[in-house]
Every structure is written in C-alpha cells, then in structure tokens.
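Let's take a friendly walk through a protein chain, starting with the whole and then stopping at one helix. Keep the picture in view as you read.

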Amino acid sequence: VLSPLLLGIAVVLRVREGAPVLFGQTRVGLHGRPFQMYKFRSMVPDAESLLDGLWSQSEIVGPAIQLDKDPRVTKTGWFLRRYSLDELPQLWNVLKGDMSLVGPRPLVPEEDSMVDDWARGRLDLTPGLTGLWQVLGRTSIPFEDMVKLDYIYVANWSLWGDVRLILRTLPVVLKRDGAN
C-alpha cells in the first residue's frame, strides 16, 4: 500500500540530494542483538564525520546529540523528519522481524552501553517504530527518562496498550510534536 509513497520519496531524495537514499545504522534489538535499522537519508552523506564539532551545541544531556537547527540535515531531510517520513523504511525492519510496530526505542550501541541494571529490561521486547517515548514528547524527553519510559512499557506490556499507542501516534506525527 505504501510502495508508491516509498518510491516517490526515494526518487525525490535521489534527484535532490543524490545517493544514497537510505541510511542504515546498527541498533540494539531484542535481548541485545544488533541489527541494521533503515531510514531515508535526511542528512548530508558525511554527517557522522561532522558530529565531533557539534556536541557542545546539543540541547539534551546524555549520549545522544539533539540540535534544533542541525547543519547536517538537508532541506529534503528536514521535510521528511518533520512528518516522520524518514522512518518509513523501518517497515522493512518490521517485516524482517528486527522491529515491531510498537516497542522500546532501538538505541545505537553507544547509547545502549549507557543503560545498565534494571533498565536493561527494556531489551526484553522487540524494539518498535513507536512507543511511549514517541507519543509523550519524542526529542524533548531526556535520555534517562526515555529509558525509564521504555522499561515501563516493557513491564506493563499489553496488546490493548499497543493499540492505544498506535492510535496516539498518528496525531503526534501529524501535529509534528517533538519532530525536528
């Protein structure tokens, strides 16, 4: 059903920003198993090499960097991020079984290494496209609180809870709450 949209985004990215159109990144999944998570590329191709000079400008405290006006984000990428369209390739991760529609946020290994003790329980469920973190504030939530929300989600998991989170995700995405 989403194939025309995915193809259209890929064509626009290729024409406006060049190759590659997809960005793959190692994330930590169920029981700590690493997997390759995919997104539409929203940053310049050498974004990782530009990271070191931006840490002092981060708006959040923790192992992740968050910038309101990240100079690495392309014009097309800005649009994709505002409407969470850059996340659509993660549906492939769902089909492969690396992710589910709802679950804890999949962290990069560097972030995952900062999670210890009881909070490691967040890895007891498959990571998801959406979850408590996404519907309660996304990028405005500090790293430590996001980890707690993921643990709370895992500890209180229910099918009905997942349905509610899916239904709450759409208005958050459409209002662009916490997107950047």
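## The overall layout

The secondary structure of this protein chain adds up to seven helices and four strands. Keep in mind that you are looking at a predicted model. Following the sequence from start to end, you meet these elements in the pattern α-β-β-α-α-β-α-β-α-α-α.

## Inside and outside

How much of the chain is buried? Of the 180 residues, 44% are buried. The chain exposes about 10,000 Å², and 62% of that area is supplied by carbon and sulfur atoms.

Now look at which residues touch. Taking the contacts between residues at least 6 apart in sequence, 67% join residues that are at least 24 apart.

## A closer look at helix H1

Helix H1 covers residues 3–17. At 1.5 Å a residue, its 15 residues should span 21 Å, and the end C-alpha atoms are 20 Å apart, which agrees. Just after H1 comes Gly 18, with a positive phi near 85°.

## The two sides of H1

Which residues of H1 are buried? They are Ile 9, Ala 10 and Leu 13. Viewed down the helix axis, these buried residues fall within an arc of 100°, so they line one face of H1. Here is a handy rule: an α-helix has 3.6 residues a turn, so residues three or four places apart point the same way.

The cover over the buried residues of H1 includes strand E2 (34–40) and helix H2 (75–82). On the face turned away from the buried side, H1 carries the exposed residues Pro 4, Leu 7, Val 15 and Arg 16.

Terms used
Residues numbered from 1 in each chain as written. Predicted model: local features only at pLDDT ≥ 70, side-chain atom pairs only at ≥ 80, totals over all residues. Heavy atoms only, no water. Helix = DSSP H or I, 4+ residues; strand = E, 2+ residues; numbered from the N terminus. Buried < 20%, exposed > 50% of the residue type's maximum accessible area, 1.4 Å probe, protein only. Contact = heavy atoms within 4.5 Å. Areas by Shrake-Rupley, 256 points an atom, 1.4 Å probe, with all protein chains shown as cover. Expected span 1.5 Å × (residues − 1). Arc of directions from axis to C-beta.
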